[in-house]
Amino acid sequence: MAISVSVNIVFNIFLVAVCKLGIAGSALASVIGNMASIVFLVRCMSRNNKSYHFKVHVPNAIGILGSNVKNGLAMMMTTVLTSVCIIYMNSMVVQSLGANGMFVMSITGGLMGICSLLTTGASQAFTSVGGMLFGQNDFQGMRMLFSKCVMIILLAALFMTLVGQVWPEGFAILYGAKTPELITFSGRSLRIITFMFVPFMLMVMMPPVYQLLGYMKLVGLMSVSFFVILLPAMSLLSKSDNPENIWFAFPLAAWGGVVLCMPVLLFIHWQKPDTMPLALIPNPSPYHRMLDISIPASQDSVNKAMEEVVRFVESLDVNSRFLKNNIELCTEELLENIVQHSGISSSHYIDLRITETDTSILVMLKDDGLQFDPTIQNCSSTNLGLMLARSFSNKMEYKYMYSLNMTFMEWNKEDSKNKYVL
């Protein structure tokens, strides 16, 4: 997404502003941006140590297909509605305002495309990273990530809105308007249309967040609300005494979509008061305590970090001396294994997080070294420590995602397995 958005924006500026290709340049920039992301994808898929691969499991294919269709239904509805709406919108604008109106529609489509690119990039970042945090029950991390994404989106939307209010003619000139009449007409129209950017970008950003949290009905409502309001509004306004009033349909639909979804959001938040307003991300449990540190990948740094780990583990609400010993032993073993065998230097960092809930202790380690799965059974003497770590934890899982090794360990506070001590 980052490559697609970056290349698209750079070529938009070059082909539209420098080469003077207008709308054609914007379309060509979109093609080039997507081709760049495809090239990057092919390069990633050709790596020997890629973090994902395609796998067809026939017995579960129908169930997986059904799940994918369900999860992608909101996006599919939005895509279909967008295509249908564009046809009807173009027809109404041509009948009301002729060729000049279609030129403004083209600019509007280009600006909405840029807004969608920026917003989709942020929402995809939230979906991937936020999904990992959600799987770790790190709701505080999800809240921080969401706040960052929304801040970026709002800054971009406010900037585009400001330009549209101060100098909307600049958009028209950028997209190829040459006559004073067309520039004036476009500027007058775009000054109205650009009021839609803030709510429109929020409406694009939020569905992936709600989908990740499981609010599928809200996702469906938010995906269609903009277009459900836009078409009737354009139809009514196109018949008014001033045909240019048709442009008010865009901000009306964007802000109206927010208003339409707000009662549902407030109702869900009322039912679940322990969630974050707007985002509906659960509050971090008051029973959770966390140690979250980044450690330079060196033996001295690991030794110092273990002193902090021991202090934190000793402070846990755990009565079992054996359990505390197991947590300390397993954490130290995995840290030392990363330092000795991951191939990274002290300029790289190892992320360590230890979380206490009311029933369990969770440990996560993350590094960007060579791909290595510590959960694989290996009886060689060099892996004796890892064998002990596997046997001393209730559960150990490993994932390789985004070029990162991630190891998860879990202990149940009341599990009788916690009887070993070295």
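What share of the 422 residues in the chain is buried? The answer is 42%. Keep in mind that this is a predicted model, so every value here is computed from predicted coordinates. The chain carries 12 helices and 5 strands, and its C-alpha atoms fill a box of roughly 85 × 50 × 45 Å along the principal axes. If you take the contacts between residues at least 6 apart in sequence, 68% of them join residues at least 24 apart.

Let's start close to the N terminus, with helix 2. This helix runs over residues 22-45, which makes 24 residues. From its first C-alpha to its last it reaches 35 Å, close to the 34 Å expected at 1.5 Å a residue. Its buried residues are G22, G25, S26, A29, G33, C44 and M45. Part of the cover over those buried residues comes from helix 1, residues 2-18.

Now for the packing. The largest nonpolar core has 68 residues, and F146, W247 and F250 are the ones with the most contacts inside it. Helices 3 through 9 each give two or more residues to this core, from helix 3 (61-135) to helix 9 (249-271). Helix 3 makes the largest share, with 15 residues. To see what the packing looks like from one side chain, centre your view on F250. Leaving out residues up to four places away in sequence, F250 touches M89, M105, T108, M112, I193, M196, F226, L230 and M234. There is also a second, separate core, this one of 31 residues, and its members include A297, L334, L352 and I361. Hold on to L334, as that residue comes back below.

Helix 8 is worth another stop, this time at S225. Is S225 buried or exposed? It counts as buried, because its relative accessible area is 1% and the cut-off for buried is under 20%. Setting aside residues up to four places away in sequence, S225 touches M203, G257, L260 and C261. A C-alpha to C-alpha distance helps place S225 too: V259 is 34 residues from S225 along the chain, and the two C-alpha atoms are separated by 9.7 Å.

Next, the open space. Rolling a probe the size of a water molecule over the atoms shows where empty space is left. The largest pocket has a volume of about 1,400 Å³. Its lining has 49 residues, and T78, T82, S116, T120 and F200 lie nearest its centre. Which elements supply at least two residues each to that lining? They are helix 1, helix 2, helix 3, helix 7 and helix 8. Helix 3 gives the largest share here, 26 residues, and helix 3 was also the source of the largest share of the 68-residue core. As for chemistry, the pocket lining divides into 25 nonpolar and 24 polar residues, with no charged ones.

What about enclosed space? A search of the whole structure finds 1 cavity of 30 Å³ or more, and its volume is about 140 Å³. The lining is made of L334, N337, I338, H341, S342, L365, D367, L370, F372, P374, N405 and T407. Helix 11 (321-341), strand 3 (360-367) and strand 5 (404-412) are the elements that give two or more residues to it, and helix 11 leads with 4 residues. Here is L334 again: it lines this cavity and belongs to the second core. The cavity lining divides into 6 nonpolar, 5 polar and 1 charged.

Two more residues round off the tour. R390 is found in helix 12. It is classed as buried because its relative accessible area is 12%, against a cut-off of under 20%. R390 and T331 are 59 residues apart in sequence, yet 11 Å apart in space, C-alpha to C-alpha. A little further along, N394 lies in the loop between helix 12 (384-392) and strand 4 (395-401). Its relative accessible area of 24% makes it partly exposed, as that class runs between 20% and 50%. N394 also pairs up in space with W411: they sit 17 residues apart along the chain, with their C-alpha atoms separated by 5.1 Å.

How values were computed: Residues are numbered from 1 along each chain as its sequence is written. This is a predicted model: local features need pLDDT of at least 70, side-chain atom pairs count only at pLDDT 80 or more; totals for chains, interfaces and linings use all residues. Side-chain values use heavy atoms; hydrogens and water are left out. On a 1 Å grid over the protein atoms alone, a cavity is a set of points where a 1.4 Å probe fits but cannot get out, and a pocket is an open set with protein on both sides within 12 Å along at least five of seven lines; lining residues have an atom within 4 Å of a point. Grid points are joined across faces, edges and corners, and a volume is the space filled by probe spheres set on the points. Ala, Val, Leu, Ile, Met, Phe, Trp, Tyr, Cys and Pro count as nonpolar, Asp, Glu, Lys and Arg as charged, and the others, Gly among them, as polar. The expected span of a helix is 1.5 Å times one less than its number of residues. Buried means under 20% relative accessible area, exposed over 50%, partly exposed in between (1.4 Å probe, protein chains only). Contact means heavy atoms within 4.5 Å. A nonpolar core is a set of buried Ala, Val, Leu, Ile, Met, Phe, Trp, Tyr and Cys residues joined through side-chain atoms within 4.5 Å.
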